[in-house]
Amino acid sequence: MKEATMRRLATLITGLAATVHSAAAFSGGTLPLKTTTTIRPGKETSHAGSSSSTSRTSSSLNMAQNNDPISAILDLFNPQSSSSSSSSSYTTAYASSKDNGQTVVQTFIDSLNSRTPPSDLMQFFADDINYVDTSYYNPIRGKEALLKHFYLHAGSSPLSTFGSDSLEVIVVDDIVATNGDGGANNSKVCVMYHLATTGGKDVDDSTHISFYNLHNGNGQKKITQVFDVAEPASPKPGDGGLKLLKTVSKLIGDESIVVKGSEGGRDSSISVVEQYFDAWNRRDMKDATSLFAEDCVMRDLQYDDAFYGRNEFEKHLLRVKDCLPRTFNFVVDDIAVNSQKAGVLWHVENNGDPLAFTRGCSFYNIDARSGLIKSGFEIPEKAPPKQGYLNTISSKFEAEPIRFVPAAIWVAYMYTLFISDGILPGVNALALEQRTWEEVRDLSLNFFLVAPLLKLPFSPVVHPMLEGVFNLLLAWAAMFAGFLSDERKDKPNLLPFGPMLVGMQFLTSGFLLPYLFTRTVETKSSNVYQEDIDGVLQAKVGEWRPLGSFLGGVGMASIFWGLFARPEFGTEFSERYASFGDLLSIDRVGSSFIVDLVIFAAFQSWFVDDDLKRRGVLEDDGEFTVLRNVAKYVPFFGLATYLTLRPSLPSRESAD
């Protein structure tokens with residue numbers, strides 16, 4: 001039992017190690033052609049299809065990735081919905097049913113390079129598109145989720161669209177397209193590309209391989225699946241993964257060796273590339289390398305240098321063979337192949353079970369005369385942590401360094417409130433002091449002063465100035481609901497504004513500040529419509545004209561309550577203020593409310609300029625200069641005034 005448990009544990013560790021070095025198992029790769037422009041539609045490509053008994057459907061695109069805990073937390077805020085929007089009108093002439101898909105894919109890449117709006121890019125995709133960008137943990141399913149991804153993560157990876165200020169373009173190095181099972185109705189396209197600046201300079205470590213599946217529906221060829229994998233950044237992992245694999249493979253042992261491959265040697269009915277995979281799984285490296293030309297050039301992007309010639313390549317494969325557990329096998333998920341080129345989508349399995357984060361793509365060039373592989377280029381999926389969300393966030397900070405201000409304040413705020421002792425009065429929040437939670441409960445029962453004003457029997461007695469500060473703060477947080485138009489389908493945010501607004505009612509600045517330093521900047525300079533706001537309820541609340549005056553009234557009542565209510569706490573201001581000061585000197589919660597008021601006053605202006613922009617008011621519009629400045633620089637009441645007097649967002653019904 002103990003031995004079996006150790007083997008299972010070792011297998012788990014090996015799965016992670018394999019993500020570091022799955023490429024090493026069959027190092028392949030064409031050295032990229034250093035072109036400076038994309039390959040344009042019209043290049044002749046063979047339509048010869050290939051069927052393989054070892055090929056599988058692309059269901060492995062989704063395998064095992066949804067179990068990542070980091071992804072689960074992120075997806076709590078950004079669920080990639082499986083719902084899809086209605087199909088856009090696809091009128092381009094190139095999308096004929098006879099096309100093998102290459103022109104569609106090339107035109108899509110050209111559209112990315114020309115910064116076509118994400119809404120227009122949707123014409124290339126089927127409603128049930130399955131889009132796998134390995135910079136992220138989870139696949140993106142459906143056009144609606146893909147559209148949100150394009151808007152939200154522009155600039156994080158090439159196939160997530162480029163940012164508005166990006167100077168990079170996709171340069172196609174090689175491409176192969178074939179018709180798949182079902183003839184011309186199904187197509188497969190594999191593209192190898194790298195990034196270059198608009199000035200023609202190649203971007204280091206930017207090689208990618210993408211695999212596309214397309215289907216002809218109603219006479220229009222649409223992309224149904226995309227898989228994109230990127231070259232690892234320098235310094236390359238090299239033999240680091242192999243060393244870990246060699247250690248772990250000793251723990252696994254050889255008791256359950258399962259070698260998948262054709263019985264009795266090579267299967268001549270499949271392509272030369274599939275024969276190579278088959279030979280590797282049989283651990284017959286002599287047979288595997290015999291499928292390559294004597295002067296082949298192989299590139300495994302886990303390494304800095306290529307392998308030149310069959311002999312050097314065979315030495316590398318033998319070294320990898322000694323390190324890789326024998327229970328590991330490479331499974332071809334899909335292949336686009338003709339007499340001169342092949343693109344392969346694959347993953348790694350251990351005893352028939354797919355291993356997480358071990359997918360990859362390879363691109364091979366084949367000598368048409370000899371039928372041998374003359375060069376190859378192979379890229380495995382990057383092991384966690386994935387860089388997609390980090391790239392999105394870092395791009396926001398690079399574009400607007402001012403975001404570091406709320407980010408730094410948020411870190412200091414959370415540390416001071418929850419961890420530190422001595423900066424603010426009282427014990428830290430993690431101490432779970434009973435008095436603290438009783439105070440929070442009592443203040444919550446007196447929310448907006450309803451219970452004490454109605455003299456309800458359950459209403460607790462709390463210091464009136466603390467009640468006043470608490471309810472003023474909650475009214476201020478609720479007032480940010482007037483900016484719910486900051487969340488729309490064409491302007492999603494990493495942290496959706498609706499849930500963050502609810503969170504502000506519980507942890508105020510703890511939710512406001514992260515939203516501010518991660519939010520998407522407003523790019524529209526024309527009117528946004530009420531129907532554009534993400535959610536019917538959000539649209540009604542955000543554009544409710546009395547919102548500012550109502551919450552302003554709550555704030556005024558809170559101030560009045562703090563100054564004059566509950567005479568038992570003092571009839572003179574000095575007496576009342578002194579008792580409030582004594583309370584704050586031992587009260588972490590009350591002290592944090594004062595800090596929150598200062599933070600809200602400092603950052604309420606961050607919403608105003610973008611809100612006016614989407615209402616069609618430019619910064620040099622003198623008519624609204626006074627209102628703009630009042631909203632930005634007069635704490636609380638300036639914001640209440642702005643929400644009452646600002647221009648309304650139009651509705652499409654009234655516009656029509």
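These legends describe close-up views of a predicted model.

**View 1. Helix 11 and its packing partners.**
Helix 11 covers residues 404-418, which makes 15 residues. From its first C-alpha to its last, helix 11 reaches 21 Å. That is close to the 21 Å expected at 1.5 Å a residue. Which residues of helix 11 are buried? They are P406, A407, Y413, T416 and L417. These buried residues pack against helix 10 (388-399) and helix 15 (497-507). They also pack against helix 16 (509-518) and helix 20 (588-603).

**View 2. An aromatic pair between helix 14 and helix 20.**
Searching the whole structure gives 35 aromatic pairs. This view shows W476 with F600. Their ring centres are 5.8 Å apart. Their planes stand at 90°, so the pair is edge-to-face. The pair links distant parts of the chain. W476 belongs to helix 14 (residues 464-479), and F600 to helix 20. In sequence they are 124 residues apart. Are these two rings buried or exposed? W476 has a relative accessible area of 4%, so W476 is buried. F600 is at 0% relative accessibility, so F600 is buried too.

**View 3. The aromatic cluster around that pair.**
Ring pairs join W476 and F600 into a cluster with further residues. Among the other members are F480, F483, F497 and Y515. F607, F636, F637 and Y642 also belong to the cluster.

**View 4. The largest nonpolar core.**
In soluble globular proteins, nonpolar side chains tend to be buried together. Here the largest nonpolar core has 54 residues. Which of its residues touch the most other members? They are F480, F483, F497, F593, F607 and Y642. Helix 14 gives the largest share of this core, twelve residues. F593 shows how the packing works along the chain. Leaving aside its neighbours within four places in sequence, F593 is in contact with L443 and L466. F593 also contacts V469, F470 and L473.

**View 5. A second core, and two buried cysteines.**
A second, separate core has 31 residues. Its members include V273, Y276, W280 and C296. C296 has a relative accessible area of 0%, so C296 is buried. C190 also has a relative accessible area of 0% and is buried. How many disulfides does the structure have? The count comes to zero. For C190, the nearest cysteine sulfur is that of C361, 5.2 Å away. A disulfide needs sulfur atoms within 2.5 Å, so C190 is in no disulfide.

**View 6. Strand 7 and its neighbours.**
Strand 7 spans residues 292-300. Seven of its nine residues are buried, so strand 7 is largely enclosed by the rest of the structure. Strand 7 runs parallel to strand 13, and five bridges join them. Within this pairing, R299 stands opposite F377 in strand 13. How does strand 7 pair with strand 8 (residues 307-308), parallel or antiparallel? The two pair in the antiparallel sense, over two bridges. V297 stands opposite Y308 in strand 8. Strand 7 and strand 8 form a hairpin, with six residues between them.

**View 7. Two cis peptide bonds.**
Most residues other than glycine have a negative phi, and most peptide bonds are trans. This view shows two bonds that are cis. One runs from S234 to P235, with omega near 0°. P235 lies in the loop between strand 6 (220-230) and helix 6 (240-252). Another runs from P384 to P385, with omega near 5°. P385 is in the loop between strand 13 (373-380) and helix 10.

**View 8. Two residues with positive phi.**
D205 is not a glycine, yet its phi is positive, at about 50°. Where is D205? D205 sits in the loop between strand 4 (186-197) and strand 5 (208-217). Its relative accessible area is 29%, so D205 is partly exposed. K455 is also a residue other than glycine, and its phi is positive, near 55°. K455 is in the loop between helix 13 (450-453) and helix 14. At 72% relative accessibility, K455 counts as exposed.

Note on methods:
Residues numbered from 1 in each chain as written. Predicted model: local features only at pLDDT ≥ 70, side-chain atom pairs only at ≥ 80, totals over all residues. Heavy atoms only, no water. Helix = DSSP H or I, 4+ residues; strand = E, 2+ residues; numbered from the N terminus. Expected span 1.5 Å × (residues − 1). Buried < 20%, exposed > 50% of the residue type's maximum accessible area, 1.4 Å probe, protein only. Contact = heavy atoms within 4.5 Å. Phe/Tyr/Trp six-rings, centres within 6.5 Å; stacked < 30°, edge-to-face > 60°. Core = buried A, V, L, I, M, F, W, Y, C linked by side-chain atoms within 4.5 Å. Pairing = 2+ DSSP bridges.
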